[in-house]
Amino acid sequence: MEDFKLQVEKYKENEEKLKTKDIEIKKEAEFIETAKPQLEKVFISKKAIISKIEEVRDEREKKLREKNLEEDRKLLKQGKPCPLCGSLHHPYVHEYFNNVSELTKVLQDLEVEERNYETQKQTLEKQINMQSGTLEALQKEKSVIEREKKQQQNKIEIQKKQLAIEKVRNLST
């Protein structure tokens, strides 16, 4: 009879453990499902920043090439032909190229933003991997508890039958 009570107690304990595991599993799964879209947004944002960085770099390089031609531009005289193309019109002679430093600043800001997105991406990936591992471990623990519970249930059924047989024997005598 004591063994029967012990089995029933263990069975009830395992039912509680299963409820707790189900709650933990649900929590981990919800985190993962929430984090995946966040990771996708970070990935898309980072990709957009990388594209913008490339555009700004190209523009900056163009402006640097133009600035490098400034010494040659100083030699141009209005109304006289350009030694390179023969044009009499020289629109860039008086234009000041301050855009290079502005573009350099924009580029630096974009690169900082890209590094921030990369950090966010790595953090989210790490969290998702950790939570996935935790989820897998919880599911394994749940399976073990379910097996134990099933074994206990079988033992309880056997002991119920034995008790019923003993009760019938006692009534017969």
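Let's start with contacts that bridge distant parts of the sequence: among contacts in the chain between residues at least 6 apart in sequence, 84% join residues at least 24 apart. Keep in mind that this is a predicted model. Gln7 gives you a concrete case to look at. Setting aside its neighbours within four places in sequence, Gln7 is in contact with Gln152, Lys155, Ile156 and Gln159. Gln7 itself belongs to helix H1, and with a relative accessible area of 6% it is buried.

Now step back and take in the whole chain. What pattern does the chain follow along the sequence? It reads α-α-α, with 3 helices and 0 strands. Helix H1 covers residues 2–68, while helix H3 covers residues 99–172. The overall outline is worth a look too: along its principal axes, the C-alpha trace spans about 135 × 20 × 15 Å. A compact globule of 173 residues would have a radius of gyration near 16 Å, but this chain has 38 Å. To get a feel for that along one helix, find Lys167, which sits in H3, and then look for Glu125. These two are 42 residues apart in sequence and 62 Å apart in space, C-alpha to C-alpha. Lys167 is exposed, with a relative accessible area of 59%.

What about the inside? Buried residues make up 23% of the 173 residues in the chain. The largest nonpolar core has 12 residues, among them Ala35, Leu39, Val42, Leu103, Leu107 and Tyr117. Which elements give two or more residues to this core? They are H1 and H3. Tyr117 is a good place to zoom in: leaving aside neighbours within four places in sequence, Tyr117 is in contact with Val42, Ser45, Lys46 and Ile49. Of those partners, Val42 and Ile49 are also listed in the core.

Over the whole surface, the accessible area comes to about 13200 Å², and 53% of that belongs to carbon and sulfur atoms.

Next come the charged residues. Side chains of opposite charge can pair when their charged atoms come close. How many salt bridges does a search of the whole structure find? It finds 13. Take Glu59 and Lys63 to begin with: their closest N and O atoms are 3.9 Å apart. Both lie in helix H1, 4 residues apart, which is about one turn of the helix. Is Lys63 buried or exposed? At 12% relative accessibility, Lys63 counts as buried, because the cut-off for buried is under 20%. Glu59, at 31%, counts as partly exposed.

Over in helix H3, Lys105 and Asp109 form another salt bridge, with the closest N and O atoms 2.8 Å apart. They are 4 residues apart in the helix, so about one helical turn separates them. Both ends are partly exposed, with Lys105 at 47% relative accessibility and Asp109 at 38%.

Further along H3, Lys140 pairs with Glu136, and here the closest N and O atoms are 3.6 Å apart. Once again the partners lie 4 residues apart, about one turn of the helix. Lys140 is exposed, with a relative accessible area of 55%, whereas Glu136 counts as partly exposed at 44%. Some salt bridges also link up: those that share partners join Lys46, Glu118, Lys121 and Glu125 into one network. You've met Lys46 already, as one of the contacts of Tyr117.

Notes:
Residues are numbered from 1 along each chain as its sequence is written. This is a predicted model: local features need pLDDT of at least 70, side-chain atom pairs count only at pLDDT 80 or more; totals for chains, interfaces and linings use all residues. Side-chain values use heavy atoms; hydrogens and water are left out. A salt bridge is a side-chain nitrogen of Lys or Arg within 4 Å of a carboxyl oxygen of Asp or Glu. Buried means under 20% relative accessible area, exposed over 50%, partly exposed in between (1.4 Å probe, protein chains only). A nonpolar core is a set of buried Ala, Val, Leu, Ile, Met, Phe, Trp, Tyr and Cys residues joined through side-chain atoms within 4.5 Å. Contact means heavy atoms within 4.5 Å. The radius of gyration is taken over C-alpha atoms; the globule rule is 2.2 Å times the number of residues to the power 0.38. Accessible areas come from the Shrake-Rupley method with a 1.4 Å probe; for residues, only the protein chains shown count as cover.
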